[in-house]
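Work through the following exercises with the coordinates open beside you. Each one sets a task and then solves it in steps.

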Amino acid sequence: MPFINRLLQWADDRPDGTAVVVAGQRLSWEELREAAAGLVDGSPAVTVLCEENSLHFAAAFTAAVAGERQCAVLDPAWPPHLQDEIRKRIGDAVPAADALVAGSGLVDGPAGSPFLIGLTSGTTSVPKAFSRSRRSWRLSFDASVEFFGLEPGDRTLAPGPLAASLNLYALSECLYAGSEFHTLARFDVGEAHAAVSHDGITRLVLVPTMLRLLSERGLSGGVDAAGIRSVICAGSKLDARTLEAARRWAPNATIFEYYGASELSFVSGAGLLPGQPPEQLGTGIGTAFPGVAIRILDDAGDPLPDRSVGNICVRSGMVSDGYLWGDDGHALQNVNGWHTVGDQGYLEGATLHMLGRRAEMIITAGTNVYPHEVELALASIPGVAAAVAAGPADDLRGQKVVAGIVPSHGGVTATQLKAGVEGVLARSKRPLQYFLLAELPLTDRGKLSRELMLDWIAGNDPPGPAP
């Protein structure tokens with residue numbers, strides 16, 4: 001793993017400095033080195049790590065990727081039968097070559113060797129598994145440290161589960177950069193605010209839903225976030241209201257948002273400096289990351305002109321090595337050296353506009369509608385705290401556009417919603433039906449789930465706001 005030699009360096013240079021903090025408990029660089037070294041001889045060629053956030057997790061993950069070892073991190077919230085199936089598949093797919101790791105100790109393995117078995121998020125079906133090399137993450141670290149301006153003096157809080165790739169990467173990136181990493185036992189707004197207030201947090205890494213909660217409740221509760229100098233947000237484009245709340249709560253922070261995929265790593269991103277007016281509205285998600293080239297190709301692999309919607313394709317050294325299982329031929333594709341996971345978008349000059357997965361596209365009366373476009377438009381309407389769009393079946397149109405609305409304090413009317421999308425969305429893209437919700441449909445990792453929204457609609461049981 002490309003952070004272990006760095007970890008050894010930090011443990012020599014500043015052994016008593018703080019490396020990792022989990023729920024208020026601390027490991028110094030020396031303590032983390034010793035804890036991982038004590039586990040490494042007992043770590044097999046392939047480790048399946050499945051546990052909640054803890055200091056032990058940090059040490060066990062470090063040991064599990066030393067030498068030529070490989071590690072798969074499972075979400076402990078997944079049901080036992082799913083965990084068992086994944087363990088079996090890993091055992092079938094990866095040879096347990098324990099001779100390769102015997103006596104290797106706490107050192108980095110060869111750059112081109114695989115170290116991480118990544119898993120796409122899932123709670124019901126078996127997720128796809130892909131492999132990443134140590135070289136790909138080293139290149140990713142160098143790119144993200146440069147792009148986000150991570151410094152050794154930073155204190156990063158990633159309040160989500162370490163089983164999620166966003167937070168696992170943040171932990172590893174901090175170990176690589178010699179920067180202090182903080183997380184919680186589990187996501188809790190109050191505990192996250194306490195860490196910001198009392199632990200000198202300078203950097204947040206989180207998904208938009210978490211940022212919205214922390215910002216709005218932080219403003220209402222008087223939580224001082226003036227010490228935060230950067231916010232890194234991933235998972236979906238920031239809507240205007242979340243961005244506004246975050247800038248008010250953390251006025252000195254540069255707010256970064258980026259587009260990427262587990263199989264591709266970083267693709268594009270943008271940073272909004274304190275006081276700088278937003279330049280990219282709507283679906284724009286910045287310019288290419290360091291070391292990344294972007295093209296928009298059609299299904300035949302031919303380049304498309306500016307502003308033409310097609311497959312977002314990248315060329316970079318950060319792309320994964322492919323799937324161990326779950327490759328249906330339409331997941332990670334390689335077209336003449338350009339890789340895509342099927343996300344749709346377009347280029348406008350150097351700026352990438354990300355519209356969403358082709359599988360999520362709503363086809364209504366012959367018009368292609370991407371839910372992400374609808375959600376961004378709705379979230380900018382006063383009275384709307386959050387929004388989700390979906391496309392249930394419709395006898396007349398094939399699918400119809402509907403939206404779930406979480407109202408902010410004071411509520412929102414149907415007239416306000418309809419007026420708010422006029423001039424922003426074409427008539428064919430405007431929702432035909434609205435549902436008032438008490439909460440967004442989210443996965444256990446805090447990501448928006450349009451499938452759950454459709455289940456609520458089908459069951460006539462969306463959770464409405466309290467009376």
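Contact, as used throughout, means heavy atoms within 4.5 Å. The model is a predicted one, in which local features need pLDDT of at least 70 and side-chain atom pairs count only at pLDDT 80 or more, whereas totals for chains, interfaces and linings use all residues. Residues are numbered from 1 along each chain as its sequence is written, and side-chain values use heavy atoms, with hydrogens and water left out.

**Exercise 1. Describe the surroundings of T283, and state whether T283 is buried or exposed.**

Step 1: locate the residue. T283 sits in the loop that connects β12 (265–272) to β13 (287–288), where helices (H or I, at least four residues) and strands (E, at least two) are DSSP runs, numbered from the N terminus.

Step 2: classify its accessibility. Buried means under 20% relative accessible area, exposed over 50%, and partly exposed in between, with a 1.4 Å probe and protein chains only. T283 has a relative accessible area of 10% and is therefore buried.

Step 3: list its partners. When neighbours within four places in sequence are left aside, T283 is in contact with Y346, L352, H353, M354, L355, E373 and L376. The side chains of T283 and H353 are also joined by a polar contact of 2.9 Å, that is, a pair of N or O atoms within 3.5 Å in which, within protein, one must be able to donate a hydrogen and the other to accept it, residues adjacent in sequence counting only if both atoms are side-chain atoms.

**Exercise 2. Characterise strand β20 and its hairpin with β19.**

Step 1: establish the pairing. Two strands pair if DSSP finds at least two bridges between them; β19 (residues 343–348) and β20 do so in the antiparallel sense over six bridges, and Q344 stands opposite G356 in β20.

Step 2: examine the turn. Two residues lie between the strands of this hairpin, and G349 takes a positive phi near 70°.

Step 3: assess burial. Six of the seven residues of β20 (residues 351–357) are buried, so the strand is largely enclosed by the rest of the structure.

**Exercise 3. Reconstruct the five-stranded open sheet and the helices that accompany its strands.**

Step 1: write the strand order. The order is β3-β4-β5-β6-β16, with mixed pairing. At the edges stand β3 (46–49) and β16 (322–325), each with a single partner strand, so one side of each is left without a neighbour in the sheet. On average, neighbouring strands of this sheet are turned by 30° against each other, direction ignored; axes here are lines fitted to C-alpha atoms, for helices over the stretch in contact, and angles run from 0 to 180 degrees between N-to-C directions.

Step 2: check one pair. β4 (residues 70–73) and β5 (residues 114–119) pair in the parallel sense over two bridges, and C71 stands opposite L116 in β5.

Step 3: add the helices. Helix α4 (residues 80–93) packs on the sheet and touches β3, β4, β5 and β16, its direction making about 110° with that of β16. Helix α5 (residues 134–148) lies across β5 and β6 (129–133), running at about 70° to β6.

**Exercise 4. Do likewise for the nine-stranded open sheet.**

Step 1: write the strand order. The sequence of strands is β2-β1-β8-β7-β9-β10-β11-β12-β13, again with mixed pairing, and the edge strands β2 and β13 each pair on one side only.

Step 2: add the helices. Here α5 packs on the sheet, touching β9 (203–206), β10 (230–233), β11 (254–261) and β12, with its direction at about 10° to that of β12. Helix α8 (residues 208–221) lies across β9 and β10, running at about 130° to β9.

Step 3: inspect the edge hairpin. β1 (residues 18–22) and β2 (residues 25–28) pair in the antiparallel sense over four bridges. V21 stands opposite R26, and the bridge partner of V22 is Q25. Two residues lie between the strands, and A23 takes a positive phi near 55°.

**Exercise 5. Determine the environment of G404.**

Step 1: G404 belongs to strand β26 (residues 402–407) and is buried, with a relative accessible area of 0%.

Step 2: beyond four places in sequence, G404 is in contact with A386, A387, V388, F435, L437 and M453.
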